[in-house]
Amino acid sequence: MNAISIDTDRCDGCKACVKACFVNVLRWDEAGRRPVVAHAEDCVHCNLCEINCRRECITVTPDFSHLRWSAL
Ligand code: SF4
Ligand code: SF4
């Protein structure tokens, strides 16, 4: 599963990442006024959240462990 980390101290609560994530991995926590990772298992590693974060506080680390590599 891909890992998504959010630096909530650095985050200014603009919601751009939540709007950018078209598969709803990220949700808005109204109480905390910050984005939260709600469904990491649905992340497709498109990087739109990282690209749209002007504060550069999101890091998506892809998980390639399910892929089979072979040398031709
Ligand atoms: S990399 Fe794409 S799918 Fe994954 S959390 Fe970010 S916007 Fe959503
Ligand atoms: S785009 Fe960045 S600064 Fe804006 S809410 Fe998301 S994590 Fe916070």
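**Notebook: ligand shells, core and hairpin**

By class, I find twelve nonpolar residues, two polar residues and no charged residue in the shell around ligand 1. The structure I am reading is a predicted model.

**Entry 1, ligand 1.** I listed the shell members next. Ligand 1 is surrounded by 14 residues, and the closest are C21, V25, C43, C46 and C49.

**Entry 2, ligand 2.** I repeated the search for the second ligand. Here, too, 14 residues form the surroundings, with C11, C14, A16, C17 and C53 the closest. I noted the classes as nine nonpolar, two polar and three charged. Charged residues thus appear in the shell of ligand 2, whereas the shell of ligand 1 has none.

**Entry 3, the chain as a whole.** I counted two helices and four strands. Read from the N terminus, their order is β-α-β-β-α-β. I took the extent of the C-alpha atoms along the principal axes and obtained a box of roughly 50 × 20 × 20 Å. The chain has 72 residues, of which 14% count as buried. I also looked up contacts between residues at least 6 apart in sequence; 53% of these join residues at least 24 apart.

**Entry 4, the core.** Which residues make up the largest nonpolar core? I find nine: I4, C17, C21, V25, L26, C43, C49, C53 and I58. Among them, C21, V25, C43 and C49 are listed with the closest residues to ligand 1, while C17 and C53 are listed with those closest to ligand 2.

**Entry 5, V25.** I then looked up the contacts of V25, leaving out residues up to four places away in sequence. V25 touches I4 and C43, and also V37, A38, H39, A40 and D42.

**Entry 6, the hairpin.** Strand 2 covers residues 26-29 and strand 3 covers residues 34-37; I find them paired in the antiparallel sense over four bridges. D29 has R34 of strand 3 as its bridge partner. The two strands form a hairpin with four residues between them. In the turn, R33 has a positive phi of about 60°.

**Entry 7, V36.** I located V36 in strand 3. Is V36 buried or exposed? It is partly exposed, because 14 other C-beta atoms lie within 10 Å, and a residue needs 20 or more to count as buried. Apart from residues up to four places away in sequence, V36 touches R27 and D29. I also checked its separation from S65, which lies 29 residues away along the chain: the C-alpha atoms of V36 and S65 are 24 Å apart.

Note on methods:
Residues are numbered from 1 along each chain as its sequence is written. Chains are lettered from A and ligands numbered from 1 in the order in which they are written. This is a predicted model: local features need pLDDT of at least 70, side-chain atom pairs count only at pLDDT 80 or more; totals for chains, interfaces and linings use all residues. A residue is near a molecule or strand if its C-beta atom, placed from the backbone, lies within 6 Å of it. Ala, Val, Leu, Ile, Met, Phe, Trp, Tyr, Cys and Pro count as nonpolar, Asp, Glu, Lys and Arg as charged, and the others, Gly among them, as polar. A residue is buried if 20 or more other C-beta atoms lie within 10 Å of its own, exposed if 12 or fewer, and partly exposed in between; C-beta atoms are placed from the backbone. Two residues are in contact if their C-beta atoms, placed from the backbone, lie within 7 Å. A nonpolar core is a set of buried Ala, Val, Leu, Ile, Met, Phe, Trp, Tyr and Cys residues joined through C-beta atoms within 7 Å. Two strands pair if DSSP finds at least two bridges between them.
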